[in-house]
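Below are some notes on the fold, set out as numbered points for a colleague who will want the criteria beside the values. Please read them with the model open.

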Amino acid sequence: MRHLIDPLDLTQQEITQLLDLADRICADPAAYQEVANHKKLATLFYEPSTRTRLSFEAAMLNLGGHVLGFPSENVSSATKGESVADTIRVVSCYADIVAMRHPKEGAPLRASRYSRIPVINAGDGGHQHPTQTLTDLMTIRRRMGRLDDLTIGLCGDLKFGRTVHSLLKTMARCKNVRFVLISPEELRVPDYIINDVLEANGIPYKETRSLEESMPELDILYMTRVQKERFFNEEDYIRLKNSYVLTREKMAQAKPTMAVLHPLPRVNEIALDVDDDPRAAYFEQVQNGVYVRMALIMTLLGLADPKAPKEEN
């Protein structure tokens with residue numbers, strides 16, 4: 001039995017295989033509509049979510065499975081003091097696989113140690129978000145045709161952004177990638193990511209405060225919102241929330257082939273008129289997220305792929 005807690009739980013070969021499966025699902029969704037018959041997914045969301053929770057539920061339903069769970073800890077036994085360990089022991093009796101989101105870093109990892117079914121980390125605090133990273137990789141690969149030889153700009157909240165941390169860890173394993181880290185000083189990438197991921201692997205990067213100056217060199221621009229829920233001081237949030245806003249004027253400085261990604265939700269960091277730009281890929285990410293999660297559920301449950309390429313003799 002395997003879990004997905006950290007994006008590095010998957011090898012590069014396994015990621016490629018999973019993305020290939022997601023592409024096959026995208027090409028022929030109807031072929032997969034009964035793959036998970038009689039299987040049940042439990043969505044344990046201790047923190048609010050729209051896209052991730054609904055994406056997991058849509059993925060399981062599209063595979064012919066069933067969904068149960070809770071959308072907030074306020075409607076779970078956590079309000080009575082039940083531990084994550086006990087919750088996962090109970091849910092293991094009801095479901096075949098679990099997707100868990102939790103505000104505390106490490107909670108899905110703890111759950112996996114007590115679970116009798118596969119656990120997927122659907123986001124833990126400001127730590128990791130591996131299924132969003134898989135979604136990002138699928139979007140980048142479909143847009144650019146590759147995951148190597150890219151200059152990737154990450155802009156906004158790079159301190160608390162779990163999607164940023166997961167993407168950096170995963171794409172640091174690709175060949176000839178370079179990162180441009182665009183943020184205010186207060187929201188820069190944590191030192192442990194800089195030291196343990198980028199510098200330890202000799203990955204070229206630069207830190208900058210200017211989005212405008214960075215635009216011409218980027219193949220990918222990954223925008224993020226400043227996350228109000230991660231701040232202890234509202235004054236700091238108000239001061240930083242409008243640090244970067246991507247506008248049509250700034251897009252004019254970018255390559256015609258650049259892709260703009262965003263894990264969503266956005267607040268005001270991408271102007272609405274950017275949505276009409278063909279380089280805007282963030283709503284593609286939403287659809288790709290369903291295909292990736294379908295592929296991940298199939299992989300962790302060991303379900304047969306009806307469109308798998310036939311092995312050559």
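1. Two strands are taken to pair if DSSP finds at least two bridges between them, and the elements themselves are DSSP runs numbered from the N terminus, helices being H or I over at least four residues and strands E over at least two. The model is a predicted one, in which local features need pLDDT of at least 70 and side-chain atom pairs count only at pLDDT 80 or more, while totals for chains, interfaces and linings use all residues. Residues are numbered from 1 along each chain as its sequence is written, and side-chain values use heavy atoms, with hydrogens and water left out.

2. With that criterion, strand β6 (residues 177–182) and strand β7 (residues 205–208) run parallel and are joined by 4 bridges; L181, for its part, has E207 of β7 as its bridge partner. Helix α7 (residues 191–199) completes a right-handed β-α-β unit with β6 and β7, where right-handed means that, with the strands pointing away from the viewer, the path from the first strand over the helix to the second runs clockwise.

3. The pair β6 and β7 belongs to an open sheet of 5 strands, whose order is β7-β6-β5-β8-β9 and whose pairing is parallel. Its edge strands are β7 and β9 (259–261), each of which pairs on one side only, and the twist from one strand to the next averages 20°. Such angles run from 0 to 180 degrees between N-to-C directions, the axes being lines fitted to C-alpha atoms, for helices over the stretch in contact.

4. Towards the β9 edge, strand β8 (residues 220–223) pairs with β9 in the parallel sense over 3 bridges, and L221 stands opposite V260 in β9. Helix α7 packs on this sheet, touching β6 and β7, and its direction makes about 155° with that of β7; contact here means heavy atoms within 4.5 Å.

5. What angle do the axes of α6 and α7 make where they cross? The axes of helix α6 (residues 162–171) and α7 cross at roughly 15° and come within 9 Å, and the two helices are therefore roughly parallel to each other, given that angles under 35 degrees count as roughly parallel, over 145 as roughly antiparallel, 65 to 115 as roughly perpendicular and the rest as oblique. The contact is made by H165, L168 and K169 of α6 together with Y192, I193, V197 and L198 of α7, and these residues divide into 5 nonpolar, 1 polar and 1 charged. In this classification Ala, Val, Leu, Ile, Met, Phe, Trp, Tyr, Cys and Pro count as nonpolar, Asp, Glu, Lys and Arg as charged, and the others, Gly among them, as polar.

6. Helix α5 (residues 130–144) also packs against α6, with axes that come within 9 Å and cross at roughly 60°, which makes α5 oblique to α6. On the α5 side the residues are P130, Q132, T133, D136, L137 and I140, and they meet T163, S166, L167, T170 and M171 in α6; by class the contact has 5 nonpolar, 5 polar and 1 charged.

7. A further partner of α5 is helix α11 (residues 282–301), the two packing at an angle of about 115° with their axes 8 Å apart. The residues in this contact include T131, R142 and R143 of α5 and E284, R293 and L296 of α11, and the class count for the contact is 5 nonpolar, 7 polar and 5 charged residues.

8. The model also has an open sheet of 4 strands in the order β2-β1-β3-β4, again with parallel pairing. Strands β2 (66–70) and β4 (119–124) are at the edges with a single partner strand each, so one side of each is left without a neighbour in the sheet, and the twist averages 15° from one strand to the next. Within this sheet, strand β1 (residues 40–45) pairs with strand β3 (residues 97–102) in the parallel sense over 5 bridges, F45 having R101 of β3 as its bridge partner. Helix α2 (residues 51–62) lies across β1, β2, β3 and β4 and runs at about 175° to β1.

9. Two backbone details deserve a check. Most residues other than glycine have a negative phi, and most peptide bonds are trans. The peptide bond from L264 to P265 is cis, with omega near 5°, and P265 is placed in the loop between β9 and α11. H38, a residue other than glycine, has a positive phi near 70° and lies in the loop between α1 (12–27) and β1.
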